Every structure is written in structure tokens, then in C-alpha cells.
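User: Hi, I'm new to this one. Could you walk me through it?
Analyst: Happy to, let's have a look together.

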Amino acid sequence: MNATNDIIIIGGGIIGMAIAVDLKLRGASVTVCNRNFPQTASVAAAGMLAPHAEELPPVPLLDLCLKSRWLYPEWVRKLQDLTGLDLGYNPSGILAPVYDLPGVDVRNHNQSQWLDKTAIRLYQTGLGDDVVGGWWYPEDGQVDNRQVMQALRQAAQQLGVNLRDGVTIQTLQQKQGQVTSILTNQGELSGNTYIIANGSWASQILPLPVRPIKGQMLAVKMPHTPNEPYPLQRVLYGPQTYLVPRQNGRLIIGATSEDVGWTPHNTPQGMETLMKRAIRLYPDIANWEIEEFWWGYRPGTPDELPILGHYGCDNLILATGHYRNGILLAPATASLIADLVINQQTDPLLENFKGDRFHTQPSPPPAPMTSFNVYPVPTTINGNNGNSSLSSPDELIIAGRKFRSRLMTGTGKYPTISIMQESVAASECQIVTVAVRRVQTKAPGHEGLAEALDWDKIWMLPNTAGCQTAEEAIRVARLGREMARLLGQEDNNFVKLEVIPDSKYLLPDPIGTLEAAETLVKEGFAVLPYINADPILAKRLEEVGCATVMPLGSPIGSGQGIRTQANIEIIIEEANIPVVVDAGIGTPSEASQAMEMGADAVLINSAIALAKNPVLMARAMGMATVAGRLAYLSGRIPVKDYAIASSPLTGTVV
């Protein structure tokens, strides 16, 4: 390819940054889009280079890991020459103590040597009494992963890589087998080649079986006697734990492996588990000072192999799913992907890691009466609602997050908290909006609201209700993000933006809304602005990077239905982001009407909460949303000025 072509890399961890630096050194123009640099899995790792100590299976992963380990010395030298930083590269070998003797055959292999109980203590004093021997892997080693990340970022900046932090990807736009652009919370970006390297978050962009595997870690400070080395000089790779000593006296202890989805934070149980294992391996740790503890998400795949190479489109390349070996595999991945992009050369190694390996299951037998299955039918959008036979996906995607339901509901105005809970469940919605100011102040009807819903199943949409100025809304939005994080939604950056100075009709302020949206988008929020049905304002909000636009059908809580249909239809026609009809819907037929117009979703609160039977109304609104969406997808018949008989006019009896 022409070296001047633009390359967009999604993901600013060690894999994305290593690829960016390699491509830039080869003359390419590179942009890196990253969610949050400090939260990358690479920063949370331990930095072991341990293909042998981890006892990886012979092929193909071991071959790739060995290739990368061989590349490491030169790769480190290159980064150190560019930045002047010490990367903590230390190929000093890894010691793997064990608590149970291996089988009779402990013959040494080329890559390892068996050490008995006495010999292993010559390599490392102070081991626990339970250690009966171990393996010595002289070719393995470590690197300071945080120093590597700092060096990669500094090198990228010095080389002129365009680094864009706080960017979340909403969707990839494709046309005729090519990705044409990406939609982000900061607007639309276009390039010639797109590389997905965002680890655990890759499945939020593409249908990939990459899932987060949480790992908790901690660090202690080794004691130091002047003119003597630190107590631990080599990496100890013990049963279910590892100890990685840094040259500055910091000792990394890791790591748990928890398949708990996006559950964040360190936990007492996790820390206790790590400390028990570490103390059994090296008892002196029990009295050392704790410096830090942290956690991160490893990108796991079903076969624990990375996903590398072209995927679906000619200009779309994957570099994700590295699981426990992201630090080790960075040099090889960068080299292989850069060759693929610049020289269009596919190394035979990549054949083992193609993304379509998960899509090659045997085809099911043909269904009977296939002649009737002419048109694809999308899945139910709102759970079942009596449509459980629907089969192909039709998901609502906002800021890269996928939802089955296209109905959003609120939490205010219900007679009781319990009725609100039942109504949310009956609607089968997945997004619930919460007024931040009312929860913060424990306003009537909002006591205990934060604990009333299962936030592992419901996505919180904090809103800035009650804010009359842009400044107020920005401040409350920040509080809302923290509230979502405190309730366990660590990566929730959504905010429903409301700036309403009008106390009679509660109409939003267009100027204040645009001003607040610009600021919040720059701060990394996925902004869902509530607006008048103004097509020009909607387009301006899209241009500044909002995740949706939410035009009103009629004034909030009025139940007048959709009085702004003509303008909403223009907004829908012109928008490249989801359009959510918000406010004024009073009946299920009006919810269905909004969906039939082509709206991507509806937000309904008063019509449910103030109904005589809110739970039944919630269910009706959910079903109406599904019906309207299906009607829109199916396409209505043309409207004519004259009648057309339903029955055939030929073959009639005379």
C-alpha cells in the first residue's frame, strides 16, 4: 500500500501502541483511538516474558510467543533509543517452584532444568517449607510493562502518531466489503485501513467471542539493606501465583483469574487469596509493606488464542484476544500486522489465529418448507413479549454498547418503589434513566432508588434533570458518572443531557444544550441530549460527537402524543446516530407510531408511572415498541387514493 495512506488503530494498549510505532517507523500516517489510557490491561499486567514457564502447548501459540521473545531485545533497544527510558528488560530466567514432586521422569529439556529441594534454594533462598523442588527456565524473563507503555506513548508522540484519548467507538460503517469510517463519541473518523486492537472491548464493536477475564494484583515493597541486593532477584512462577521483583525493590504479586464479566474493583477475597498464595511460596512477604493493589481485564477467547489478521473487510484487521500474553506478544504482533498492512504479506503464523475460526461451525440441516422462509425476520427487541420465534439480530447500538430492547424507561413519579421495580421488569427495558440530583438529595420517591434495581442487568442512564444552565448540567453529569461507577458500572460514561430553564412548558434550551454537549463530549461522555424537534440542532449535536439525539414528541409529561412528527421524520432521515423519541408519548399506539416512523428507540416515563396500572402499561409499551420496530422493518404498503381488491380478479366463477 502507499505509505501515506491513513491507518486508524482502535485501542491504545500495548498491542495498539506497538503496532502504531512500527507502522509510523515504516512511513505510515497513523491515528490511535483509545478509551482511557490509564485503564488499559497493559498497565495492569506484571510484565512476565514466560512462554516456557507458562508451559504453553507446542503449537501454534508457543511458536508465536517464542518468536516474540526472540524479538524482545532488539525491540526494547529501539524504544530505549527513541525515548531514553529504561524499560526494565531483564532476561534473567524464571524459577518455577512446585509443592508436589513430578513423575519419575524429570529429564531436563532444552528449555528447562529440574532442581530438587536443595538445589532450588541455591537459586533462591527463603522459599516456603512446602516447596519440594522446581524448574529453572533460563531463557524467560520480564519487562516493566508500565515503563514499556510510557515508552511506547512517548515514542508515538515523538514520531507524530495522532493519539486521541477518551474515544469510544459506536460502530463501523461498511460499504461493498470495505470499512468506510467509524462513528465515535467524538465524531466520524475515516481512514484507509482500520485495526481493532482494543482487547476485551473488541466484542462491543464486532461479533467476536472476546470476553473480559478479570485479574486482581498487588505490590509490596521489599526491604533493602545497603550494599546488598533485594531479597528476591528472579521471577518466581509458583502454583497459581507469581512474584515478579522489579529492580527498584517493588514486588508484583499476581494474579486472580475471574470470569465475572465487567465486574470491576479489587475485593477483600481476591486480596486474601493472593496474599495466602504468595506467603506460602515466600513466607517473608507477610511482613512487607503493601504499596498498591489494582485490577484489569484480560481479553480472553474460547481457545485462549489471539485473533490476528484480516476480518470480513479487505481493510479491516484484528489484533486482539491476547489473554495472558499481551506484553510478551507485542513485538511479534506489531511486526506481523505491520507487514500485513504495508507489504500485504501474510505470515503463515497468522493462519492459526484468524478471526473466522469461530464462524466455521457445521451448517444446520435445511429446515422443511424453505420456500416459505423468503424474508429474514429480526429478533424480538424487547425480550420475548410473545415473539420468541424471531431469530436474526436487530440490536440498538449506542456508543458501541448493544441493547436488545429499544424501550427506555424512567424511575420517577411511581406510587411506590416496588411498583417501579415491577414496571421496569414488565417492560423488559435495558436502559433506565435516573435523575442524579433527586437521588443525591434523597427527594421523595427516590429514597433507596440506587439499591432498588439490579445494575448488573440494567444500564443506568444518569440524567441532568432540574438543571437550568449548561454549567449546572456539566457538573451534575460528572456526579452521575461517579454515581454509576459507585454502583458497579465502572465503564458507564452515558449521560442524558437536559438543560431546561423553562418552568411552564419544560422546553429545553438549545444553546445551553449544545454548549454543555460540546464540553461533555470532550470529557469522554456518551451524550444523549434531550432537545426540541429541531433538525438543524440535531445535526449540530451529531457533529460535536453526541451518541444520540432525543427530540421531544410534545412537552414532558403532557401525554399529547407526537405533535412534532414532520420534524422528527427529518431528523431521522438526516441522522447518522440513533434517534430516540423522548417526552409526550401517552399510549402504546403512540410508542408504536414513533417506531414505525423509523426512530431507533423511545423513552417513556410518565405514561407508565401515572397509569392506573403501571405494570400492565409498562408491558404494553414494551410490546408496542417491538410491534412498531417490526412494522418499520417490514415496510408498509403504499398509500393510494383508490381501492385495490384483496382477492384475485382472475379465475372467478361465472
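Analyst: One term before we start: a contact means heavy atoms within 4.5 Å. Helices (H or I, at least four residues) and strands (E, at least two) are DSSP runs, numbered from the N terminus. This is a predicted model, so to speak of local features we need pLDDT of at least 70, side-chain atom pairs count only at pLDDT 80 or more, and totals for chains, interfaces and linings use all residues. Residues are numbered from 1 along each chain as its sequence is written, and side-chain values use heavy atoms, with hydrogens and water left out.

User: What do the buried residues of α16 pack against?
Analyst: They pack against β22 (407-410), α7 (417-427), α14 (588-596), β29 (601-604) and α15 (606-609). Among the buried residues of α16 are P614, M621, V626 and R629. Buried means under 20% relative accessible area, exposed over 50%, and partly exposed in between (1.4 Å probe, protein chains only).

User: How far apart are the end C-alpha atoms of α16?
Analyst: They are 30 Å apart, which agrees with the 30 Å expected for 21 residues (614-634) at 1.5 Å a residue. The expected span is 1.5 Å times one less than the number of residues. Just after α16, G635 takes a positive phi of about 85°.

User: Which non-glycine residue in the loop between β28 and α14 has a positive phi?
Analyst: That is A583, with a phi of about 85°, in the loop between β28 (580-582) and α14. A583 counts as buried because its relative accessibility is 10%.

User: New topic: how many salt bridges are there?
Analyst: The count comes to 25, where a salt bridge is a side-chain nitrogen of Lys or Arg within 4 Å of a carboxyl oxygen of Asp or Glu. One of them joins R69 and D140, with the closest N and O atoms 2.6 Å apart. R69 is in helix α2 (residues 61-83) and D140 in the loop between β6 (133-137) and β7 (141-142), 71 residues apart.

User: Is R69 buried or exposed?
Analyst: R69 counts as buried, at 6% relative accessibility, and D140 is buried too, at 0%.

User: And what is the pLDDT like over residues 361-392?
Analyst: There pLDDT, the predictor's confidence in each residue from 0 to 100, stays under 50. Where pLDDT is low, the predicted coordinates should not be read in detail. The chain averages a pLDDT of 87, and 88% of the residues score at least 70.
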